[in-house]
Amino acid sequence: MLEGMQVVSEMKCKETMKDEAEEAVTLMRIRRVREFVEGKDPSSKEVDDLTIRRFLRARDLDIEQASAMFLKYLKWRRDFVPKGSISASEIPNQIAQNTMFLQGSDKNGYPIAVILGYRHLQDSLKEFKRFVVYGLDKICAKTGEVHCHRISQRLKIFKQRPPRYLFNCLTLFFYDYYPERLGKMYIVHAPLIFMRVWKIVYPFIDNKTKKIVFVENKMLKSTLLEEIDESRLPEIYGGKLPLVPV
């Protein structure tokens, strides 16, 4: 018994040492990205290390690629959100459509959002993009940082019957401007043709894209309950929580 306990203890010790070594390498890479980016864009000094960590993870810890991605993000943020945030007065039509909701957190403490794509009426694409930034920024501000040594704010999102342009826009924002924020994206009540195509291409896509999950109607509640407590599951998906607008 003692010998078995010693083996387990040694295994845990090795795992801890490995984690500490990986963290030391990541911290070194964060410093190098910060040094490079600050030389190109002094405004990056205001950005915390957790944000840089996300950009690094999005580029598989490649310092050069992460730096380029981060600089692109800083430029986009200055151009698209010059005041630092989007106000409700800038997106009146989008808010009136009542399409985005914040539903607490899943079993791992990650925030849950619901986007009802079928309610969305395309008017101004620019206003819609501002609305996406408005919603994501509010969610990030409300929920705070979780699992800070790994990934912060991994968001669970339901998208119900999203138009193609809405799907493309949200996916682009997550991959380019909010990297490593998305934990999983559930597409529910999607047309049958999408389900069939997805099953064909799924084995060939990369792991980052596998965060997108098309859920069959007959498996909807059981699939969501694997990661979300029934008390936090929206009523429209068989749970107990009313929709809470962002």
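**Close-up 1. Helix α3 spans residues 63-80 in this predicted model**. The helix holds 18 residues. From its first C-alpha to its last, α3 reaches 25 Å. That is close to the 26 Å expected at 1.5 Å a residue. Its buried residues begin with Ile-63 and end with Phe-80. Between them, the buried list includes Ala-66, Ser-67, Met-69 and Phe-70. Tyr-73, Leu-74, Trp-76 and Arg-77 complete that list. At the start of the helix sits a polar contact from Asp-62. A side-chain oxygen of Asp-62 comes to within 3.1 Å of the backbone nitrogen of Glu-64.

**Close-up 2. Helix α2 covers residues 49-58**. This helix is mostly covered, with 7 of its 10 residues buried. Thr-51, Ile-52, Arg-53 and Arg-54 are among the buried residues. Phe-55, Leu-56 and Ala-58 are buried as well. At the start of α2, Asp-48 makes a polar contact. Its side-chain oxygen lies within 3.2 Å of the backbone nitrogen of Leu-50.

**Close-up 3. Helices α2 and α3 cross**. Their axes come within 8 Å. The crossing angle is roughly 125°. That angle makes α2 oblique to α3. The crossing is right-handed. On the α2 side, the residues that meet α3 are Thr-51, Ile-52, Phe-55, Leu-56 and Ala-58. On the α3 side, their partners are Ile-63, Ala-66, Met-69, Phe-70 and Tyr-73. The α2 residues in this set appear among the buried residues of that helix. The α3 residues in this set likewise appear among the buried residues of α3.

**Close-up 4. The loop between α2 and α3 contains Leu-61**. Most residues other than glycine have a negative phi. Leu-61 has a positive phi, near 65°. Leu-61 is partly exposed, at a relative accessible area of 28%. Just after α2, Asp-60 also takes a positive phi, of about 50°. Leu-61 is in contact with Thr-26 as well.

**Close-up 5. Thr-26 belongs to helix α1**. Thr-26 is buried, with a relative accessible area of 10%. Residues up to four places away in sequence are left out of its contacts here. Beyond them, Thr-26 touches Arg-53, Leu-56 and Leu-61. Arg-53 and Leu-56 are buried residues of α2. Leu-61 comes from the loop between α2 and α3.

**Close-up 6. Arg-34 lies in helix α1, residues 2-40**. Arg-34 is buried, with a relative accessible area of 16%. Neighbours within four places in sequence are again set aside. The contacts of Arg-34 then include Ser-44, Lys-45 and Val-47. Asp-48, Asp-49 and Ile-52 are also in contact with Arg-34. Asp-48 is the residue whose side-chain oxygen reaches toward the backbone nitrogen of Leu-50. Ile-52 is one of the α2 residues that meet α3. Arg-34 and Val-47 are 13 residues apart in sequence. In space, their C-alpha atoms are 9.1 Å apart.

**Close-up 7. Tyr-175 sits in helix α6, residues 164-176**. Tyr-175 counts as partly exposed, at 28% relative accessibility. Phe-55 is 120 residues away from Tyr-175 in sequence. Their C-alpha atoms are 9.7 Å apart in space. Phe-55 is a buried residue of α2. Phe-55 is also one of the residues of α2 that meet α3.

**Close-up 8. Asn-98 lies in the loop between α4 and β1**. Helix α4 covers 92-97, and strand β1 covers 100-105. Phi of Asn-98 is positive, near 55°. Asn-98 is not a glycine. At 32% relative accessibility, Asn-98 counts as partly exposed.

**Overview. The protein has 8 helices and 5 strands**. Along the sequence, they follow the pattern α-α-α-α-β-β-α-β-α-β-α-β-α. The protein has 246 residues, of which 42% count as buried. Consider the contacts with a separation of 6 or more. Residues 24 or more positions apart account for 70% of them.

Definitions and conventions
Residues numbered from 1 in each chain as written. Predicted model: local features only at pLDDT ≥ 70, side-chain atom pairs only at ≥ 80, totals over all residues. Heavy atoms only, no water. Helix = DSSP H or I, 4+ residues; strand = E, 2+ residues; numbered from the N terminus. Expected span 1.5 Å × (residues − 1). Buried < 20%, exposed > 50% of the residue type's maximum accessible area, 1.4 Å probe, protein only. Polar contact = N/O pair within 3.5 Å; in protein donor to acceptor, adjacent residues only side chain to side chain. Axes fitted to C-alpha atoms, helices over the stretch in contact; angles between N-to-C directions. Parallel < 35°, antiparallel > 145°, perpendicular 65-115°, else oblique. Left-handed = near helix turned anticlockwise from the far one by under 90°. Contact = heavy atoms within 4.5 Å.
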